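Colleague: Could you take me through how the labels in this model are decided? I would like to see each value set against its cut-off.

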Amino acid sequence: MKKYLMGIDSGTQSTRAIIFDTEGTMISEASVKHAPLIFGEDGGIYMDEKNVWDSLCEATRKAMAGFKEDKSLLCGIGLSPHNGTVCFMKKDGSHVLHPISYQDYRTAPIDPMPEDCPDWEAWQRTYSRANLLKCTSPKIYESIDKYTSIGGFLGYMLTGQFVDTVSNVIGCMPLDRRNFCWETRDWVYDCVGMRKDQLCDIFMPGSIMGRITKAASTATGIPEGLPLVAGASDKQCEAFGAGAIENKSAFISYGTEASLTFVSNTFYSMTKENFFYSLLSVVPYQWNYTMPMARGYWLVSWFRDNLAKDLVQKVKDEGLGSYGIEDILTRQAIEIEPGSEGLIVIPDWLAGRTRPHGKGVILGFTAKHTRAHMFRALIEGIAMQLRMNGDTLMETIKGLEKYNRIFVGGGGSRSDLSMQITADVFGVEVMRAPYHETGSLGAAMCAGMGVGIFDSCEAAVTRMGGTKRQVFRPIEKNRMYYDKLYNQVFKHCYKTMFPLFEKLDKIQEGRE
């Protein structure tokens, strides 16, 4: 008799709830968008906690409505929340302040730690949300009973207990990242302005955190009493769902925000000179090191909405689905040689914190170039940007080993063109996940471990995705071409153009 698992992926922009069978086949799915972030008069960026919960409830109800099997065959729920957003709660589950988003870069106006303080803890003190409130809103600070991630908040709403996965409390909370537990050094709690009793009980990924309460069942449609299993934060569950669990492998998320994640069995911590997160993998005592790209396959949507509206009717005429315009553009772009006949895209439509004046660039136009050339160059630019991000991370983390193969998930992985370009640009074997929403798949796989269907991470990966992956290998002549393009042109563009971008901003702002 078949058994089924649900994975819940609560991201920044939406919540997805997907039910899979234990072979990794998607049975029922639903996605609900979140309300826009709240930009406060205090300069803060917040999420609406009620909307986050309501979105989860709507997504799970829709997924359950589409599940036509006997509900008793649904064995467990895996939860994968996004990382970095902090909630401020009372013991009764109410909030004293909207959750502060991870996109809020404010720092606490507080005395820094002494010079001999370890770099990570010194950074935590400045960026601690507790210290921010302690300095700017002391009454709110004094009223807080619990600090939680979005995962801890949702864990409370689903089980009635303050529970979370250990893999989702990185950042401003006192976590011992090397040992996958709360800090044992008392001074670290003083450093971040929190007490240990103000934190959730944390669980290793694949462990049962609690069971769905009657109230949560009524709100979500999930059967009462089902186990809620710890997943990991969103990118870590995505990597797990795609199958990236071996040392020296990597994972690319071709989603709205693209990212390249290194999988390593070695723990590294940031320094004052080089900042990075040591993120906890689903696999115990394994770490993920990630370089994000603020605008990834959002750029494909931007291109579609701004430069390909004329294809809407063609999509209708051919009876294509929601990805119809992208599919038509891909058919045209696949006929163009690698390198888009000299057209290069620098995909910096939203610059990162390290290069605030960065701009997107389309470079090398001639009369022979068409929209299809631009579309292909855009995909090539995203892949080369991620390669450059990976090179930067290896320079930042001394000793971090280069990937020997890459696993890929996210909406952009649907395209064979994107996958082949990725293999050619990176020069290694690229593995496509059987289902592009690997965050929910990874959460469901965690649920399978928690309820005893799988006895290890390896077993879950093999059973729910390993036999269905598609492999793309580099085409040698393409690899050599992209290598020259990347080393001789692409990675020099930022250094060459950055001073011009800065001047452009000053002129626009009337400062020159």
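Colleague: Why is Cys-87 called buried?

Modeller: Buried means under 20% relative accessible area, with exposed over 50% and partly exposed in between (1.4 Å probe, protein chains only). Cys-87 has 0% relative accessibility, so it counts as buried. Bear in mind that this is a predicted model, where local features need pLDDT of at least 70, side-chain atom pairs count only at pLDDT 80 or more, and totals for chains, interfaces and linings use all residues. Residues are numbered from 1 along each chain as its sequence is written, and side-chain values use heavy atoms, leaving out hydrogens and water.

Colleague: Why is the sulfur of Cys-87 not in a bond with the closest cysteine sulfur?

Modeller: A disulfide needs a pair of cysteine sulfur atoms within 2.5 Å. The closest cysteine sulfur to that of Cys-87 belongs to Cys-200 and is 8.9 Å away, which is too far for a bond. Cys-172 is in no disulfide either, with the nearest cysteine sulfur, in Cys-191, 10 Å away. The structure holds 0 disulfides.

Colleague: And what makes Cys-172 buried?

Modeller: Its relative accessibility is 11%, so Cys-172 also counts as buried.

Colleague: How do you know that helix α5 is largely enclosed by the rest of the structure?

Modeller: Helices are DSSP runs (H or I, at least four residues), numbered from the N terminus. In α5, residues 150–159, 9 of the 10 residues are buried, so the helix is largely enclosed. Among the buried ones are Phe-153, Tyr-156 and Leu-158. Just after α5, Gly-160 takes a positive phi of about 80 degrees.

Note on methods:
Helix = DSSP H or I, 4+ residues; strand = E, 2+ residues; numbered from the N terminus.
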